[in-house]
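Please keep the sequence and the three-dimensional view side by side while reading, since the paragraphs below move from one part of the chain to another.

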Amino acid sequence: MKKKFLILFGLFILTFVYFTYVLLEYLNVQKHNYSQIKFCSNEKQDCFNKMFELILPELLIHKVKINSKTPELLRLDWSARLMSDYALSNADVLVSYGVGDDLTFENTYIKNMKKPVYAFDCGVTNPPYAENGCNFYSECIATDTFITEDKDNYKLKKVHTYKEMIDRLNLSDKKIFIKMDIIGAEKLAIPQILDFSDNITGMVICFYFSDTNKVIEAIPVLEKLNKKFVLISRISDSTWTCPINIKSKYFKGNSCNYLFALSYVNKNLVDKDEIPFQQKTTELYKHKSICDIKYRPIIDNDISSIVVIVEKLKRFKKQLFNN
């Protein structure tokens, strides 16, 4: 009996030492990564994975309860975007930035939610087919600098702030869901949008982590987002090019999938919020399409449980000292 106890005790000590080592190693890696931000902002290649590791805590998917229920995730078009059914249905309007030449998402929203859409893109002069209720404006939020090169000739220089938009369209007292795909301009747009977060039920935003500087620029944006909103879906989408090669012991996924569609719900709507150890995207939530068009399959990615443990410990420490 004593021998069995000693064996079990020894195994416990070894396991404890191993996990302590792994956690300390991760913390040391992240400390070093933070110390490299200034250097990496002027460096293009070797720094990418260090900076990508810094945003992993901000990319952890949360399991939430809204009105004691797990929200269902909906797909409104062919893309990888997944949105909370509750955040969508409880919004009065959809505000869509960066629609390009495809309004499938917006048209599906109108058909299913029976609510108006306000769509914007200052790189588009002639919008594609739009359902009744879809109001299109050749305008951008914050800046037109990030319009893709093939649309440079169509820059209309019509730019507004988020406040100017909601005041002009009488949306100040409306509940809004935001869809955003503005390829870099989010670093200027999101901070001004967050000033009005109380009236935003949720957001789905595309981030393009295609080089080191774009990741560095995203760090403060993601941190600000996660103070007001909860991340419920993280999908990496396939792209035509591969300008980067994601390599990290704390992340598993296609190394070329630098486009991430992140879906959020407002913290004010959430009853319960936890970070699950399971971060494999296809294992977390079931989803359904409410669009007739054929859509892309979900591309899986995963974040290490070590990142989850550290964030859980941070939460526990914060709760402990706040109480």
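A salt bridge is taken here to be a side-chain nitrogen of Lys or Arg lying within 4 Å of a carboxyl oxygen of Asp or Glu. By that criterion, a search of the whole structure, which is a predicted model, finds twelve salt bridges.

One of these pairs joins Lys249 to Glu25, whose side chains meet with a separation of 3.2 Å from N to O. Because Lys249 belongs to the loop between strand E11 (229–237) and strand E12 (251–253), whereas Glu25 belongs to helix H1, this pair ties together parts that are 224 residues apart in sequence. The two partners fall into separate accessibility classes, for Lys249 is exposed, with a relative accessible area of 57%, while Glu25, with 25%, is partly exposed.

Another salt bridge is found within a single helix: Lys163 pairs with Asp167, and their closest N and O atoms are 2.7 Å apart. Both residues belong to helix H6 (residues 162–168), and since they are four residues apart there, about one helical turn separates them. Lys163 counts as partly exposed at 44% relative accessibility, and Asp167 is likewise partly exposed, at 36%.

Lys214 and Asp211 form a further salt bridge, in which the closest N and O atoms are 3.3 Å apart. Lys214 has a relative accessible area of 30% and is partly exposed; Asp211, with a value of 25%, is partly exposed as well. Beyond such pairs, Asp77, Arg81 and Asp181 are linked in a network of salt bridges.

From charged side chains we can turn to helix packing. How are helix H7 and helix H8 arranged where they pack together? Their axes, which belong to helix H7 (residues 186–194) and helix H8 (residues 212–228), are 10 Å apart and form an angle of about 20 degrees. Angles under 35 degrees count as roughly parallel, and H7 and H8 are therefore roughly parallel to each other. The crossing that H7 and H8 make is left-handed.

Helix H1, already met through Glu25, spans residues 2–35 and also contains Val17. Together with Ile13 and Phe16, Val17 makes a nonpolar surface patch of about 280 Å². Val17 itself has a relative accessibility of 48% and so counts as partly exposed, given that the partly exposed class lies between the limits of 20% and 50%.

The backbone deserves a look in the loop between strand E1 (63–65) and strand E2 (73–75), where Asn67 is placed. Phi of Asn67 is near 55 degrees, which is a positive value in a residue other than glycine. Ser68 is found in that loop between E1 and E2 too, and its phi, near 65 degrees, is again positive although the residue is not glycine. In accessibility, Asn67 counts as partly exposed at 49%, whereas Ser68, with a relative accessible area of 62%, is exposed.

Finally, which residue has its C-alpha atom 4.5 Å from that of Val64? The residue is Asp273, which is 209 residues away from Val64 along the chain. Asp273 has its place in strand E14 (residues 272–274), and with a relative accessible area of 25% this residue is partly exposed. As with Lys249 and Glu25, which tie together parts 224 residues apart in sequence, the pairing of Asp273 with Val64 shows how positions 209 residues apart along the chain can have C-alpha atoms separated by 4.5 Å.

How values were computed:
Residues numbered from 1 in each chain as written. Predicted model: local features only at pLDDT ≥ 70, side-chain atom pairs only at ≥ 80, totals over all residues. Heavy atoms only, no water. Patch = residues over 30% accessible without salt bridge, like charges linked within 9 Å, V, L, I, M, F, W, Y side chains within 5 Å. Areas by Shrake-Rupley, 256 points an atom, 1.4 Å probe, with all protein chains shown as cover. Helix = DSSP H or I, 4+ residues; strand = E, 2+ residues; numbered from the N terminus. Buried < 20%, exposed > 50% of the residue type's maximum accessible area, 1.4 Å probe, protein only. Axes fitted to C-alpha atoms, helices over the stretch in contact; angles between N-to-C directions. Parallel < 35°, antiparallel > 145°, perpendicular 65-115°, else oblique. Left-handed = near helix turned anticlockwise from the far one by under 90°.
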